[in-house]
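Subject: Structure handover

Dear colleague,

Here is the structure we spoke about, with its sequence. Please have it open while you read the notes underneath.

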Amino acid sequence: MKSKKKQRSPSPALQKRLAEMEDMAAAKRIQIHYDLLEAAGLRLKGGLCTIRGEYHLFVDKRKSTADIIEFLQDHLTQPLPNNVPELTEDTIS
């Protein structure tokens, strides 16, 4: 049986920075999804895609707040690429 680690609350400075990154995403019209990114026992990295013409950024919710901030910063400080993969009903299910 796996033991659950008690998660510590992130510092107010990290929470503020995360909120700033989420606001930056909203300003760029990117929706952020915090999910358990795992399929067939493999941990997925997450990333940017489009669904019905809208940008979506998937983030593994198991990451620490500092890692999430770094991940968001990497994706949000660059111009949006023109060749983002489009997810369709067929690729989602």
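The notes below go from the overall layout to the helices, the core, the strands and two single residues.

Please keep in mind throughout that this is a predicted model.

Overall layout

The protein has three helices and six strands. From one end of the sequence to the other, their order is α-β-β-β-β-β-α-β-α. Of its 93 residues, 23% count as buried. The exposed area of the protein is about 7,300 Å², and carbon and sulfur atoms supply 52% of that area. Taking contacts between residues at least 6 apart in sequence, 64% join residues at least 24 apart.

Helix α1

Helix α1 covers residues 12-27. Its 16 residues reach 22 Å from the first C-alpha to the last, close to the 22 Å expected at 1.5 Å a residue. Three residues of α1 are buried, namely Leu18, Met21 and Ala25. These three lie on the same side of α1 because they cover an arc of only 60 degrees around the axis. Residues three or four places apart in an α-helix point the same way, since there are 3.6 residues a turn. The face of α1 turned away from the buried side carries Pro12, Ala13, Lys16, Asp23, Ala26 and Ala27, which are exposed. On the buried side, the packing partners of α1 are β1 and α2. After α1 comes Arg29, which has a positive phi near 60 degrees.

Helix α2

Helix α2 runs over residues 65-76. It has 12 residues and spans 16 Å from first C-alpha to last, close to the 16 Å expected at 1.5 Å a residue. Its buried residues are Thr65, Ile68, Ile69, Phe71, Leu72 and Leu76. They sit on the same side of α2, because the arc they cover around the axis is only 165 degrees. Those buried residues pack against α1, β1 (30-35), β4 (47-51) and β5 (54-60).

Glu70 also lies in α2. With a relative accessibility of 48%, Glu70 counts as partly exposed, because the partly exposed class runs from 20% to 50%. Between the C-alpha atoms of Glu70 and Met21 the separation is 9.6 Å, although the two are 49 residues apart along the chain.

The core

Which residues make up the largest nonpolar core? There are 12 of them: Leu18, Met21, Ala25, Ile30, Leu48, Leu57, Val59, Ile68, Ile69, Phe71, Leu72 and Leu76. The elements giving two or more residues to this core are α1, β5 and α2. Helix α2 supplies the largest share, five residues.

Met21 is a useful place to look at how α1 meets α2. Neighbours within four places in sequence aside, Met21 is in contact with Ile69, Leu72, Gln73 and Leu76.

The strands

Strand β5 pairs with β1 and with β4. The pairing of β1 with β5 is parallel and has six bridges, while β4 and β5 run antiparallel and share five bridges.

Strand β4 is mostly covered, with five of its five residues buried. Two positions show how β4 lines up with its partner: Cys49 has His56 of β5 as its bridge partner, and Thr50 stands opposite Tyr55 in β5. The hairpin formed by β4 and β5 has two residues between the strands, and in this hairpin Arg52 takes a positive phi near 55 degrees.

Asp35

Asp35 lies in strand β1. Is Asp35 buried, exposed or partly exposed? Its relative accessibility is 34%, so Asp35 counts as partly exposed. The bridge partner of Asp35 in β5 is Asp60. Apart from neighbours within four places in sequence, Asp35 is in contact with Phe58, Val59, Asp60 and Lys61. The C-alpha atoms of Asp35 and Gly46 are 9.2 Å apart, and these residues are 11 apart in sequence.

Regards

Definitions and conventions: Residues numbered from 1 in each chain as written. Predicted model: local features only at pLDDT ≥ 70, side-chain atom pairs only at ≥ 80, totals over all residues. Heavy atoms only, no water. Helix = DSSP H or I, 4+ residues; strand = E, 2+ residues; numbered from the N terminus. Buried < 20%, exposed > 50% of the residue type's maximum accessible area, 1.4 Å probe, protein only. Contact = heavy atoms within 4.5 Å. Areas by Shrake-Rupley, 256 points an atom, 1.4 Å probe, with all protein chains shown as cover. Expected span 1.5 Å × (residues − 1). Arc of directions from axis to C-beta. Core = buried A, V, L, I, M, F, W, Y, C linked by side-chain atoms within 4.5 Å. Pairing = 2+ DSSP bridges.
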